[in-house]
Amino acid sequence: MGPFGRVLVLIFGISFMTFVTFFGRLPALRHTPIAGLYRLIWVHTPNVLLKIDQRVTAGRLSTSCASFGNYMMYDRHPTVVIFFVTTLAVAEMMFLPTAWPLMSLPVKITGCLAIVCPYVFLYLACAADPGYVTEESLPHLMTLYPYDFILFHPGRVCRTCNLPKPPRSKHCTVCKKCVARSDHHCIFINSCVGLGNHHYFLLLLLSTAILTSYGGVLGMSLLSAHVHENHPTWQLWKPNTTMSWTRWLGLFSIGIRQHLGLGASTLLAAMISPLIWGLFLYSLYLVYAGVTTNESLKWSEWKEDTRDGYAFARPLPTNRQIAGEPTWTRWPKLPATIMVTTDDAEPPLPEQQCPGVGEWERPRSLRDVENVYDIGFWGNLKDVFLVGHYHGSENGEPLSERKRYDKRAANGGRYPP
Ligand SMILES: [Zn+2]
Ligand SMILES: [Zn+2]
């Protein structure tokens, strides 16, 4: 295999591994071959290697690797960020020397913008506080969202942080802290994606998707112009009918070999681009649905429990007083139903003292269940991008309080209104 073949295999390998690693864990693809491949690569293969090591060296090799593996898997380290930035920078250094002199001024300007944006959003996503729950931030975070009494119930305390868990938060075992409106821990930014940096993460995905498509299309057009110059009958989009596919591909690969740097970076960009677009569109779909990645995992478990008859629901009274539930939140939607699961598929017992009134019913499907965190696509998008849009300013007066004042004024200032 020549250097060209090796480059192709390497590019294909990187694209394929990125695809499986990114998409294999998504709940939407849980029952597909992609999830199977993910388990094969990241779960079964390490297990087989571990068993071989047990036989051959009585586990000495894996023990010495364990602390390193533990560090790699469960500690924050910038390895993947460095890998990501290096890949990006090396691809750009391979691309630009050949491409720059051939680019027109508008292409140069837009190209520079496309190159700079991913670095800026990567920095912002890495540097921003994702929304760590601390004693100082807790009172504010408790007012942002209501407990939905399905995925998030009041009164729960994180045993590691020793702090109450605000609605939509999750403890991250890598960051070792609870994160507000936690989406997931992302190794590409070496941080959690949460309330404070979800918008930067989406912009990082979008700008990287645009950069890779731009690079792919621009590189292809420069390469095809180069091949066309030497072989006027060769065309990229409308292959000449008299030219066989083998000859078409042969001429194209000669063109790539003559500009190996440009060719390799173009092919990498073209192959990676659909993956990043896919990830961006999936992340955008989650925003549309009003769920975080963490919540989408929980909802997929709820779906199974509902189907199997382990889920029970009943109405919540509006005048309830439940320990740990804030008296008001800045969110426009409030829960009306509590939903719980039981181990024996029997309704919860009265001694469990679950909130709610009336008989427990089995919801037939999750379509009957309302997600209070979904306030429509634009509302959800504003919630992600304009951090604090629904939440009011930190020092400002909460909307619900203001409403209370209005009511009080309307009935002559008596309390309660
Ligand atoms: Zn915690
Ligand atoms: Zn984390």
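# Why call it that?

Reader: Why does Thr98 count as buried?

Author: Thr98 has 20 C-beta neighbours inside 10 Å. A residue is called buried if 20 or more other C-beta atoms lie within 10 Å of its own, exposed if there are 12 or fewer, and partly exposed in between, with C-beta atoms placed from the backbone. Thr98 reaches the cut-off, so buried it is.

Reader: Hang on, what kind of model is this, and how are its residues, chains and ligands labelled?

Author: It's a predicted model, where local features need pLDDT of at least 70 and side-chain atom pairs count only at pLDDT 80 or more, while totals for chains, interfaces and linings use all residues. Residues are numbered from 1 along each chain as its sequence is written, and chains are lettered from A and ligands numbered from 1 in the order in which they are written.

Reader: Back to Thr98, then: which residues is it in contact with, leaving aside its neighbours within four places in sequence?

Author: Thr98 sits in helix α4, and those contacts are His259, Gly261 and Leu262. Two residues are in contact if their C-beta atoms, placed from the backbone, lie within 7 Å. Leu262 is 164 residues away from Thr98 along the chain, yet their C-alpha atoms are separated by 6.5 Å.

Reader: What makes a stretch a helix or a strand here?

Author: Both are DSSP runs, numbered from the N terminus: helices are H or I with at least four residues, and strands are E with at least two. The protein chain has 12 helices and eight strands by that count.

Reader: How do you know whether the span of helix α5 agrees with what it should be?

Author: You work out an expected span, which is 1.5 Å times one less than the number of residues. For the 23 residues of α5 (residues 105-127) that gives 33 Å, and the end C-alpha atoms are 33 Å apart, so the two agree. The buried residues of α5 are Gly111, Pro118, Phe121, Leu122 and Ala125, and they pack against α4 (79-99) and α7 (198-230).

Reader: And what about helix α10, how does its span compare with what is expected?

Author: The 15 residues of α10 (residues 293-307) should span 21 Å, and the end C-alpha atoms are 21 Å apart, so that agrees too. Its buried residues are Asn294, Glu295, Trp302 and Thr306.

Reader: Why can you say those buried residues of α10 line one face?

Author: Looking down the helix axis, they fall within an arc of 105°, so they line one face. The arc is that of the directions from the helix axis to the C-beta atoms. On the other side of α10, Glu301, Glu304 and Arg307 are exposed. The buried set packs against β3 (170-172), β5 (184-186) and β7 (311-315).

Reader: What makes Trp302 buried?

Author: Trp302, in helix α10, has 20 other C-beta atoms within 10 Å, so it passes. Beyond four places in sequence, Trp302 is in contact with Ala311 and Leu366.

Reader: Why is Lys176 called partly exposed?

Author: Lys176 has 13 other C-beta atoms within 10 Å, so it falls between the two cut-offs. You'll find Lys176 in the loop between β3 and β4.

Reader: What is the phi of Lys176?

Author: It's positive, about 60°, although Lys176 is not a glycine. Most residues other than glycine have a negative phi. Ala345, in the loop between β8 and α11 (377-385), also has a positive phi of about 60° without being a glycine.

Reader: Which elements have the lowest and the highest mean pLDDT?

Author: Helix α12 (residues 399-410) has the lowest at 37, and strand β4 (residues 177-179) the highest at 96. pLDDT is the predictor's confidence in each residue, from 0 to 100. Over residues 392-417 the pLDDT is below 50. Where pLDDT is low, the predicted coordinates should not be read in detail. The chain as a whole averages 84, and 89% of the residues score at least 70.

Reader: Which residues does UniProt list as "transmembrane region"?

Author: The unreviewed UniProt entry lists 7-28, 80-100, 200-223 and 267-288. UniProt positions are given in the numbering used here, feature names are shortened, and annotations may be inferred rather than shown by experiment. In the model, residues 200-223 are 100% helix, with end C-alpha atoms 33 Å apart. Residues 267-288 are 100% helix as well, with ends 32 Å apart.
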